Amino acid sequence: MLRKVVTARRRALPGFVLCALCGLAEAAVITLRVSDSASGRALDSVVASLVPLDRGELPQPRSASIAQANKTFLPHVSVVQTGTAVEFPNNDTVRHHVYSFSPAKVFELKLYSGKPAKPVIFDKPGVVVLGCNIHDRMSAYVVVVDTPWFGISDGEGTVRVSGVPPGDYLLQLWHPRRLGLPELPPRPLRVMGDLAESVSVDLKN
Ligand SMILES: [Cu+2]
């Protein structure tokens with residue numbers, strides 16, 4: 001009796017495995033190697049976002065957090081989907097006064113310690129520059145994008161965006177040193193499966 005049950009389970013296994021593989025094949029992993037167009041060197045802190053051309057129903061934005069520790073915003077560069085609620089926990093013993101005058105999100109969290117009662121909703125796409133009224137050298141960037149598919153390049157200039165459904169996208173790149181410069185022209189990207197691309201970013205023009 002017991003043996004029969006075990007056999008049945010074994011037979012059922014291949015079906016499960018196949019289904020799991022089908023699911024994985026639908027969503028692609030996009031890997032970008034980003035370099036500085038002037039030096040050819042790997043570039044970190046590049047925000048890459050894949051904005052779908054066909055605006056179907058997008059997944060709901062996830063929440064995000066930008067902490068303050070040792071009088072520094074962590075992370076220094078964030079990317080969030082439009083509509084994301086961002087927490088600003090202050091892990092320092094000193095109080096901070098976080099603000100932004102950027103058109104994409106004007107707000108201030110007046111002098112506080114600990115965690116503010118409410119998160120800040122970043123409800124418009126664009127680049128938001130954060131500062132602290134008390135500590136002038138504190139700064140950070142939040143790039144708000146109309147897509148849940150994005151990433152930030154690491155020290156090797158690598159960005160990995162996973163779970164991207166097949167379709168046509170515009171790849172948009174941004175770097176803090178491009179603040180105040182015009183947007184880089186987006187490049188069309190067709191996603192049919194996993195993809196690896198090399199891209200360069202001009203930091204000056
Ligand atoms: Cu501060």
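In this predicted model, strand β11 (residues 126–132) and strand β12 are joined by six bridges and run antiparallel. A hairpin of six residues links β11 to β12. Across this pairing, glycine 131 stands opposite serine 139 in β12.

Strand β12 also has a partner of another kind. Strand β6 (residues 77–81) pairs with β12 in the parallel sense, over five bridges. Here the residue opposite valine 142 of β12 is serine 78.

Is β12 largely enclosed or not? Six of its seven residues are buried, so the strand is largely enclosed by the rest of the structure.

**The nonpolar core**

The largest nonpolar core has 40 residues. Val46, Ala48, Val142 and Val143 are the residues with the most contacts inside this core. Strand β12 (residues 139–145) gives the core its largest share, six residues. As background, nonpolar side chains in soluble globular proteins tend to be buried together.

Valine 46 shows what such contacts look like in detail. With neighbours within four places in sequence left aside, valine 46 is in contact with Val34, Ile152, Ser153, Val159, Leu173, His175 and Val201.

**The protein as a whole**

The secondary structure consists of one helix and 17 strands. The protein has 205 residues, and 27% of them are buried. Many contacts join distant parts of the sequence: of the contacts between residues at least 6 apart in sequence, 64% join residues at least 24 apart.

**Two buried residues**

Two residues, glutamine 172 and valine 191, can serve as examples of burial and of contacts across the sequence.

Glutamine 172 lies in strand β15 (residues 167–174). Why does glutamine 172 count as buried? It has 21 C-beta neighbours inside 10 Å, and the cut-off for a buried residue is 20 or more. Not counting residues up to four places away in sequence, glutamine 172 touches Ser49, Val51 and Pro186.

Valine 191 is in strand β16 (residues 187–191). Valine 191 counts as buried because it has 21 C-beta neighbours inside 10 Å. Apart from neighbours within four places in sequence, valine 191 is in contact with Ala28, Ile30, Val164, Pro166, Gly167 and Tyr169.

Each of the two can also be set against a residue from another part of the chain. The table lists the separation along the sequence and the C-alpha to C-alpha distance.

| Residue pair | Separation in sequence | C-alpha to C-alpha distance |
|---|---|---|
| Glutamine 172 and valine 47 | 125 residues | 8.0 Å |
| Valine 191 and valine 29 | 162 residues | 9.2 Å |

**A three-stranded sheet**

What is the strand order in the open sheet of three strands? The order is β3-β7-β10, and the pairing is mixed. Strands β3 (64–65) and β10 (120–122) are the edge strands, each pairing on one side only. Strand β3 pairs with strand β7 (residues 84–87) in the parallel sense, over two bridges. Serine 65 has glutamate 87 in β7 as its bridge partner.

**Backbone exceptions**

Most residues other than glycine have a negative phi, and most peptide bonds are trans. The following residues depart from these patterns.

Asparagine 70 is not a glycine, yet it has a positive phi of about 50°. Asparagine 70 is found in the loop between β4 (67–69) and β5. Is asparagine 70 buried or exposed? It is exposed, because 7 other C-beta atoms lie within 10 Å, and a residue with 12 or fewer counts as exposed.

Lysine 71 is in the loop between β4 and β5. Its phi is near 55°, a positive value in a residue other than glycine. Lysine 71 has 13 other C-beta atoms within 10 Å, so it is partly exposed.

The peptide bond from leucine 74 to proline 75 is cis, with omega near 0°. Proline 75 has its place in the loop between β5 (72–74) and β6. This leads back to β12, since β6 is the strand that pairs with β12 in the parallel sense.

Note on methods: Residues are numbered from 1 along each chain as its sequence is written. This is a predicted model: local features need pLDDT of at least 70, side-chain atom pairs count only at pLDDT 80 or more; totals for chains, interfaces and linings use all residues. A nonpolar core is a set of buried Ala, Val, Leu, Ile, Met, Phe, Trp, Tyr and Cys residues joined through C-beta atoms within 7 Å. Helices (H or I, at least four residues) and strands (E, at least two) are DSSP runs, numbered from the N terminus. Two residues are in contact if their C-beta atoms, placed from the backbone, lie within 7 Å. Two strands pair if DSSP finds at least two bridges between them.
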